[in-house]
Amino acid sequence: MRVAVKKARPAKARPTGSGSASENPIELPDGMMERIRTKAHELWEARGRREGNALQDWLDAEEIVMEQIHEARE
């Protein structure tokens, strides 16, 4: 029995219009990236140093740091 296999099509190039994230990266305040990195590491340790959750640890750390900054400004 023969099974038909579809070949993957090459991805279409996306137009790069004005306003794309790569053209206008967001600049973070001094020290913010390090605060996020430190918090992400703390979360990784608190979760038992399990691999495979780096993105979630980073996103959680961003949220926590942004909340801390917001609260400090109030």
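**Exercise 1. Work out which residues pair with Arg-47, and say where the partners sit.**

Step 1. Start with Arg-47 and Asp-60: they form a salt bridge, with the closest N and O atoms 2.6 Å apart. The term here means a side-chain nitrogen of Lys or Arg within 4 Å of a carboxyl oxygen of Asp or Glu. Before going on, a word on the input: this is a predicted model, where local features need pLDDT of at least 70, side-chain atom pairs count only at pLDDT 80 or more, and totals for chains, interfaces and linings use all residues. Residues are numbered from 1 along each chain as its sequence is written, and side-chain values use heavy atoms, with hydrogens and water left out.

Step 2. Place the two ends. Arg-47 lies in the loop between H1 and H2 while Asp-60 is in helix H2, so this pair ties together parts that are 13 residues apart in sequence. Helices are DSSP runs (H or I, at least four residues), numbered from the N terminus.

Step 3. Now look for another partner. Arg-47 also forms a salt bridge with Asp-57, and there the closest N and O atoms are 2.2 Å apart. Asp-57 is in helix H2 and Arg-47 in the loop between H1 and H2, so that pair ties together parts ten residues apart in sequence.

Step 4. Put it together: Arg-47, Asp-57 and Asp-60 are linked in a network of salt bridges.

**Exercise 2. Sort the members of this network: which are buried and which are partly exposed?**

Step 1. Get the cut-offs down: buried means under 20% relative accessible area, exposed over 50%, and partly exposed in between (1.4 Å probe, protein chains only).

Step 2. Apply them. Asp-57 has a relative accessible area of 3%, so it is buried. Asp-60 comes out at 18%, so it is buried too. Arg-47 has 30%, so it is partly exposed.

**Exercise 3. Find the salt bridge that Glu-34 forms, and say how its ends are spaced along helix H1.**

Step 1. The partner is Arg-37, with the closest N and O atoms 2.7 Å apart.

Step 2. Glu-34 and Arg-37 are three residues apart in helix H1, so about one helical turn separates them.

Step 3. Check the exposure. Glu-34 has 44% relative accessibility, so it counts as partly exposed; Arg-37, at 43%, counts as partly exposed as well.

Step 4. For the tally, the salt-bridge count by this rule is five.

**Exercise 4. Describe how H1 and H2 pack.**

Step 1. Pick your descriptors: two packed helices are described by the angle between their axes and the distance between the axes.

Step 2. Read them off. H1 and helix H2 (residues 54–73) pack at about 125 degrees, with their axes 8 Å apart. Axes are lines fitted to C-alpha atoms, for helices over the stretch in contact, and angles run from 0 to 180 degrees between N-to-C directions.

Step 3. Classify: H1 is therefore oblique to H2. The classes are roughly parallel under 35 degrees, roughly antiparallel over 145, roughly perpendicular from 65 to 115, and oblique for the rest.

**Exercise 5. Inspect Arg-49 and Ala-54: what stands out in the backbone of Arg-49, and how far is Ala-54 from Trp-44?**

Step 1. Arg-49 has a positive phi of about 55 degrees although it is not a glycine. Arg-49 belongs to the loop between H1 and H2, and its 48% relative accessibility makes it partly exposed.

Step 2. Ala-54 is in helix H2 and, at 59% relative accessibility, counts as exposed. Its C-alpha atom is separated by 7.6 Å from that of Trp-44, ten residues apart along the chain.

Key: Helix = DSSP H or I, 4+ residues; strand = E, 2+ residues; numbered from the N terminus.
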